[in-house]
Amino acid sequence: MTALSLQATTTLNNGAQMPWLGLGVWQAGDDAATERIVRQAIELGYRSIDTARIYGNERGVGRAIRDSGVRREELFVTTKVWTDDIRAGRVPAAFDRSLELLGLEYVDLYLVHWEIPGRITSTWRAMEALLRGGRVKTIGVSNHLRPHLDELLAAAHVVPAVNQLEFHPYLQSRPLVDFCRGRKIQVEAWSPLMQAGSLLQDRTLQEIARRHGKSVAQVILRWDVQGGVVTIPKSAHPRRLAENAGVFDFALTAEDMKAIAALDRDRRSGADPADVRF
Ligand code: NDP
């Protein structure tokens, strides 16, 4: 980590700097609502925004970024290609449309949102071509399990810089995370708070949070960053945006890390990448 702040970054395998903590905007509402939230987040110091074509709010993200007054190169914008465009072999056109909706010159990170069997290699070739085109700085994947990565890497010229996965204390996928680490693929946690369900009531996490004078959400997000995982919690409320950013002023002990590791129970809140039906 370069600094103990929201601007702290990890160096990706292509040398790009990606903030450890960003804002996810799935279910953040329409373009107008998303624009408001992203603007508030940037004012609070957030520098990384994670959107996707399927979220339907790239226009709002782009407006907030363009009007933020923060230099473009200080911001890190991620978007993703959706399954219908992957199935139809329309990755370049989907990227053009995302860039047009965002109203930006480039995106920092473009991700394959879900792997589609039979399409893994051709999709990655299209991603590599986009990278060569220069309007995307970094390419990566999301929801790629070990067999998907094996297939992709067997034909890849460029190793994905990121694998964005459902990841939280109840779903730690250690072998996959270790594999990514070994290949210098940065793991990024989606639904880090498990969508604010029962995880936030977990007794062990509550006890750790009490000891540190922090919230359970802050303990989880700190655990991500401290464990080398980029994290992108979503909140539509300024108070929680600020709360989620407050993870750089304390550290979990080795004992805390061990206790959280023991909470793993292979429980998903979202779809299983082994069985994509959309
Ligand atoms: P999160 O785990 O980030 O949880 C979001 C929920 O938690 C919202 O209901 C939010 O409510 C609530 N919340 C946020 N902060 C707090 C807090 N401090 N205390 C209590 N509740 C809180 O879930 P997401 O599914 O949104 O995941 C985060 C991001 O990951 C997405 O926005 C998206 O960018 C990405 N993602 C990627 C996927 C992929 O396939 N690649 C799939 C799913 C998500 P409120 O807004 O009311 O504060």
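The following exercises, each with a worked solution, concern a predicted model of a protein with a ligand.

**Exercise 1. The ligand site**

Task: Determine which residues are closest to the ligand, and state which polar atoms of serine 142, methionine 194 and serine 235 lie beside the ligand.

Solution.
Step 1. Begin with the surroundings. The ligand is surrounded by 29 residues, and the closest are Asp50, Ser191, Leu193, Ser235 and Arg240.
Step 2. Assign these surroundings to secondary structure. Helix α10, residues 238–245, supplies the largest share of the shell, namely 3 residues.
Step 3. Examine the polar atoms. In serine 235, a polar side-chain atom is 2.6 Å from an oxygen atom of the ligand. In serine 142, a side-chain N or O atom is 2.9 Å from a nitrogen atom of the ligand. In methionine 194, a polar backbone atom is 3.3 Å from an oxygen atom of the ligand.
Step 4. Consider the covered surface. The ligand taken alone exposes 900 Å², of which the protein buries 89%.
Step 5. Identify the space itself. The ligand takes up the largest pocket.

**Exercise 2. Helix α2 and its cover**

Task: List the buried residues of helix α2, and identify elements that cover them.

Solution.
Step 1. Locate the helix, which spans residues 58–66.
Step 2. Read off its buried residues: Glu58, Gly60, Val61, Gly62, Ala64 and Ile65.
Step 3. Recall a general property of helices. An α-helix has 3.6 residues a turn, so residues three or four places apart point the same way.
Step 4. Find the cover. Among the elements over the buried residues of α2 are α1 (31–44), β4 (48–50), β5 (76–81) and α4.
Step 5. Look at one residue of α4. Serine 98 belongs to this helix, which covers residues 91–102. Its contacts, leaving out residues up to four places away in sequence, are Arg53, Glu58 and Thr79. Serine 98 counts as buried because its relative accessibility is 0%, and the limit for this class is under 20%.

**Exercise 3. Arginine 72**

Task: Decide whether arginine 72 is buried or exposed, and name the partner of its side chain in a polar contact.

Solution.
Step 1. Place the residue: arginine 72 lies in the loop between α2 and β5.
Step 2. Apply the cut-off. Arginine 72 has a relative accessibility of 17% and therefore counts as buried.
Step 3. List the contacts. Beyond four places in sequence, arginine 72 touches Ile65, Val77, Leu104, Tyr106, Val107 and Asp108.
Step 4. Identify the polar partner. The side chains of arginine 72 and aspartate 108 make a polar contact at 2.9 Å.

**Exercise 4. Two residues with positive phi**

Task: For asparagine 143 and aspartate 266, state where each lies and whether each is buried or exposed.

Solution.
Step 1. Recall the general rule. Most residues other than glycine have a negative phi.
Step 2. State the angles. Phi is positive at about 60° in asparagine 143 and at about 55° in aspartate 266.
Step 3. Locate the residues. Asparagine 143 is in the loop between β7 (136–142) and α6 (146–155), while aspartate 266 is in the segment after α11 (254–261).
Step 4. Classify them. Asparagine 143 is buried, with 2% relative accessible area, whereas aspartate 266 is exposed, with 61% relative accessibility.
Step 5. Add leucine 145, which is also in the loop between β7 and α6. Leucine 145 is buried at 19% relative accessible area. Apart from residues up to four places away in sequence, leucine 145 touches Leu176, Arg268, Asp272, Pro273 and Ala274.

Methods
Residues are numbered from 1 along each chain as its sequence is written. This is a predicted model: local features need pLDDT of at least 70, side-chain atom pairs count only at pLDDT 80 or more; totals for chains, interfaces and linings use all residues. Side-chain values use heavy atoms; hydrogens and water are left out. Helices (H or I, at least four residues) and strands (E, at least two) are DSSP runs, numbered from the N terminus. Buried means under 20% relative accessible area, exposed over 50%, partly exposed in between (1.4 Å probe, protein chains only). Contact means heavy atoms within 4.5 Å. A residue is near a molecule or strand if one of its heavy atoms lies within 4 Å of it. A polar contact is a pair of N or O atoms within 3.5 Å; within protein, one must be able to donate a hydrogen and the other to accept it, and residues adjacent in sequence count only if both atoms are side-chain atoms. Accessible areas come from the Shrake-Rupley method with a 1.4 Å probe; for residues, only the protein chains shown count as cover. On a 1 Å grid over the protein atoms alone, a cavity is a set of points where a 1.4 Å probe fits but cannot get out, and a pocket is an open set with protein on both sides within 12 Å along at least five of seven lines; lining residues have an atom within 4 Å of a point. A molecule sits in a cavity or pocket if more than half of its atoms lie within 2 Å of its grid points.
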